Amino acid sequence: MKTIFKFDVGEVNIGKALADDLREKIKSLAAEKEIGTDPYQYEMLFKEIKSKMVALSSDYEFVFENKVVDFNKDNFVMFTSKVLKSFLSSKKNDEVITLQRKNLDILSLYAYNKPWNLVNSASNNFPKVGKLSESVSTLVSHKHFKKYLFIAQFSIFSIIIIWLILKNNYLQEHFAEKESVYQRSLNQFLLEYNQFKNFNPKNYYAFTPPSSDKLLIDKNFNNDTAFQIQYPGMMKSIFIPDSFISQPCFQFCSQLNGFAFGFGKSKCPGTCDPDTRVPYYKKPYLSMLRITFKDSTYISFISFKWVEIGADWGSSGGVYIDGCLVPIGEVPYQHIGNYPPSRLTLNETPRSFNDTINKILKTIDIAVWDIANGSEIFINEIKVWGK
């Protein structure tokens with residue numbers, strides 16, 4: 001299975017010593033491929049780096065802004081030969097070099113076969129073994145060594161004790177806040193809790209698709225982490241990026257036996273759906289998958305698998321057609337996410353959403369709102385029947 005690597009936006013500064021080491025490695029690889037380095041044959045080197053990224057695609061699944069990057073094709077991730085000229089020549093004597101993060105990662109993957117954060121995680125500034133041993137011997141032989149050691153140990157011990165006291169105070173405040181939010185949610189979802197008295201998980205699977213209709217969409221993200229669908233139309237993810245600490249994207253989900261789409265975790269600690277009267281598509285902490293058909297299409301049935309990962313806190317969802325404010329399905333089995341919501345209990349049992357639609361429509365929204373920072377909903381194996 002491929003390792004997922006996400007290219008980040010933004011810039012990063014590196015010092016001259018690290019930059020020179022990266023330049024020497026690139027120069028050495030260029031010489032092995034008989035690419036001129038004095039002066040550099042930038043276009044040839046650019047093609048060689050792009051070929052290396054294509055080769056690495058057999059081990060990595062490269063992702064940028066939640067989209068899979070194909071280095072066999074033109075894309076917005078691969079830099080131009082001007083970037084090489086700037087890094088290898090124009091800025092060669094700069095003490096600090098500023099590069100885009102994705103460009104630095106591509107150069108690092110070419111030079112070291114791994115992204116920059118893994119290359120830079122190990123310090124290159126350790127003293128030589130001989131000098132290190134000599135320094136240690138001098139320190140141990142010092143007549144005040146034991147005194148210094150005791151002072152250091154006492155200081156560290158004191159800091160740990162103070163940290164534990166502060167941590168304990170923080171946890172008490174944290175759990176008090178959680179309990180307050182939990183009690184507010186109990187009142188907010190009193191109706192749902194009353195409905196839960198007659199709740200039977202087996203009814204999740206009560207409906208079956210009509211045998212006479214065709215399977216128009218059969219999307220398994222474990223085989224294809226992309227938004228394309230085989231029936232004329234498109235699928236896309238809709239969310240507000242600034243609201244999320246973990247943005248909606250494709251991730252490995254062991255509970256669903258492979259890759260699945262995660263609706264993300266928001267920055268909200270609790271009470272993330274303050275006004276239940278707001279339409280689902282205008283809620284502040286919302287993430288959804290929208291299926292849009294090219295033409296109005298008769299859809300009879302939809303099914304998919306879902307699971308809520310983490311101690312259930314927030315994240316409720318439903319399936320809506322053509323922007324209708326009432327979700328399809330029967331209460332409470334129309335609900336996506338552990339039910340009743342926000343119980344602060346861990347239940348990572350995969351469920352199936354199966355329900356009839358029997359309407360001519362253009363859009364299907366699989367929407368999750370009230371997304372907090374405590375749990376995340378994943379879905380996969382989306383199937384849609386119709387005519």
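Here are some friendly notes on this structure, which is a predicted model.

1. **The small open sheet.** A good place to start is the sheet of three strands, which is open and runs in the order β1-β3-β4 with mixed pairing. The edge positions belong to β1 (3-7) and β4 (67-68); each has a single partner strand, so one side of each is left without a neighbour in the sheet. Between β1 and β3 (residues 60-64) the pairing is parallel and covers five bridges. If you want a residue pair to orient yourself by, take Ile4, whose bridge partner in β3 is Glu61.

2. **Helix α4 across that sheet.** Residues 101-112 form α4, which lies across β1 and β3 and runs at about 140° to β1. How does the span of α4 compare with what its twelve residues should give? At 1.5 Å a residue the expected value is 16 Å, and the end C-alpha atoms are 16 Å apart, so the two agree. The helix is mostly covered, with eleven of its twelve residues buried. Among those buried are Leu104, Ile106, Leu107 and Leu109, but also Lys102, Asn103 and Asp105. You may like to look at the charged and polar members of that list with the side chains switched on. Just after α4 comes Asn113, which has a positive phi near 65°.

3. **A cis proline.** Please have a look at the peptide bond from Asp38 to Pro39, which is cis, with omega near 0°. Pro39 sits in the loop that links α1 (16-32) and α2 (42-56).

4. **The β9-β10 hairpin.** Strands β9 (249-253) and β10 (258-262) have a loop between them that contains Asn257. The two strands pair in the antiparallel sense over five bridges, and they form a hairpin with four residues between them. At one end of the pairing to inspect, Cys249 stands opposite Gly262 in β10. Is Asn257, in the turn, buried or exposed? Its relative accessibility is 63%, so Asn257 counts as exposed. Asn257 is not a glycine, yet its phi is positive, at about 65°.

5. **Cysteines, paired and otherwise.** How many disulfides does the structure hold? There is one, and it joins Cys268 to Cys272 with an S to S distance of 2.1 Å. The torsion about this S-S bond is about -100°, so the disulfide is left-handed. Both Cys268 and Cys272 are buried. Cys249 is buried too, at 5% relative accessibility, and Cys253 is buried with a relative accessible area of 2%.

6. **Ser300 in β12.** Strand β12 covers residues 287-309 and includes Ser300. With 0% relative accessibility, Ser300 counts as buried. Which side chain does the side chain of Ser300 meet in a polar contact? The partner is Asp213, at 2.7 Å. Leaving out residues up to four places away in sequence, Ser300 touches Pro210, Asp213, Asp355, Thr356, Ile357, Asn358, Trp385 and Gly386.

7. **Met288, also in β12.** Met288 is found in this strand as well, and its relative accessible area of 3% makes it buried. Phe239 is 49 residues away along the chain, yet the C-alpha atoms of Met288 and Phe239 are separated by 6.7 Å. Beyond its neighbours within four places in sequence, Met288 is in contact with Lys236, Ser237 and Ile238, with Phe263, Tyr280 and Tyr281, and with Asp365, Ile366 and Ala367.

8. **A positive phi inside a strand.** Finally, do glance at Glu381, whose phi is near 55°, a positive value in a residue other than glycine. Where does Glu381 lie? Its place is in strand β15 (residues 376-386). At 25% relative accessibility, Glu381 counts as partly exposed. While you are in the strands, a reminder for the eye: in a regular strand the side chains alternate between the two faces of the sheet.

Definitions and conventions
Residues are numbered from 1 along each chain as its sequence is written. This is a predicted model: local features need pLDDT of at least 70, side-chain atom pairs count only at pLDDT 80 or more; totals for chains, interfaces and linings use all residues. Side-chain values use heavy atoms; hydrogens and water are left out. Buried means under 20% relative accessible area, exposed over 50%, partly exposed in between (1.4 Å probe, protein chains only). A polar contact is a pair of N or O atoms within 3.5 Å; within protein, one must be able to donate a hydrogen and the other to accept it, and residues adjacent in sequence count only if both atoms are side-chain atoms. Contact means heavy atoms within 4.5 Å. Two strands pair if DSSP finds at least two bridges between them. Axes are lines fitted to C-alpha atoms, for helices over the stretch in contact, and angles run from 0 to 180 degrees between N-to-C directions. The expected span of a helix is 1.5 Å times one less than its number of residues. A disulfide is a pair of cysteine sulfur atoms within 2.5 Å.
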